[in-house]
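Here are my notes on the model you sent over. Have it open while you read, and click on the residues as they come up.

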Amino acid sequence: FEMMFLHIFLLSLITSSWSYNIHYSSCRRCVLSSAAGAALSTMLPKQDAVAFDGTGSSISNAPSSKTSLVKGYRERIAADVRDFNALGKAIVEKDEIDGNAWLDMFISYPRREADAVGRTYAAQIDLIGPLDSKTGGGAAYLLASTFAKPNKPTENLPQMKKYKELFKAIESVDAAGRKKDLAKAKKEFTKASVMLSDFLQETGMPASLSDPLYQ
């Protein structure tokens, strides 16, 4: 009986020690993992300087006041219009159906870093959002939204209607480019130019695409 009791006692000590070692090993792995994660986070570039705005574009260090937001949207839109104008010259004057002007307008990959006005995407995405988006986006969408009264929907705003027209027009230019149809691209670009001018006028920006702001 005493031998049996001794065996049970020793077995309980071994089991306790085994459980403790497992727990310690597991905790040690947690600590090491946490330490590795912390070290890795210090090596990776910080992402809070350029934040995705949730509507198909991005903003750099989002300001808090509406005035600052509107100013930022308009600066981005002006830069997008300059790229749009460059695309127009490539299509209409140089008969180009691909090349740098098309890439500057339509490439979908994000930039390595924001440009001078905070754009982290090419002109099309920054201006109107991804073409496969069901809700829209980009600086044009955001600027149009600022005309809504507090807690009121934006769908029926004149500025939002112009935005939707612009979205479809630019989408048609992109489609013509993908098909390498130069004649169609010229036709759709002319339509898009009108839609863009109408949007700019509706949102209080210079309507003429030849305005010095867009050169």
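1. Let's start with a pair that is easy to find: lysine 186 and aspartate 95 form a salt bridge, with their closest N and O atoms 2.7 Å apart. Keep in mind that this is a predicted model. The two partners sit 91 residues apart, so this pair links distant parts of the chain: lysine 186 is in helix 7, while aspartate 95 is in the loop between helix 2 and helix 3. Lysine 186 has 28% relative accessibility, so it counts as partly exposed. Aspartate 95 counts as partly exposed too, at 43%.

2. Now look at aspartate 83 and arginine 119, another salt bridge, with 3.0 Å between the closest N and O atoms. Here as well, distant parts of the chain are linked: aspartate 83 belongs to helix 2 (residues 66-93), and arginine 119, 36 residues away, to the loop between helix 3 and helix 4. Are these two buried or exposed? Both are buried.

3. That pair has company. Asp80, Asp83, Arg111, Asp115 and Arg119 are linked in a network of salt bridges. Over the whole structure, the search finds 11 salt bridges.

4. For a local example, try helix 6 (residues 158-178), where arginine 178 and aspartate 174 lie four residues apart, about one turn of the helix. Their side chains meet in a salt bridge of 2.8 Å, N to O. Why does aspartate 174 count as buried? Its relative accessible area is 8%, and buried means under 20%. Arginine 178, at 64%, counts as exposed.

5. Last stop: glutamine 201, in helix 7 (residues 182-202). Glutamine 201 counts as exposed because its relative accessibility is 56%. Its C-alpha atom is 9.7 Å from that of lysine 162, which is 39 residues away along the chain.

Terms used. Residues numbered from 1 in each chain as written. Predicted model: local features only at pLDDT ≥ 70, side-chain atom pairs only at ≥ 80, totals over all residues. Heavy atoms only, no water. Helix = DSSP H or I, 4+ residues; strand = E, 2+ residues; numbered from the N terminus. Buried < 20%, exposed > 50% of the residue type's maximum accessible area, 1.4 Å probe, protein only. Salt bridge = Lys/Arg side-chain N within 4 Å of Asp/Glu carboxyl O.
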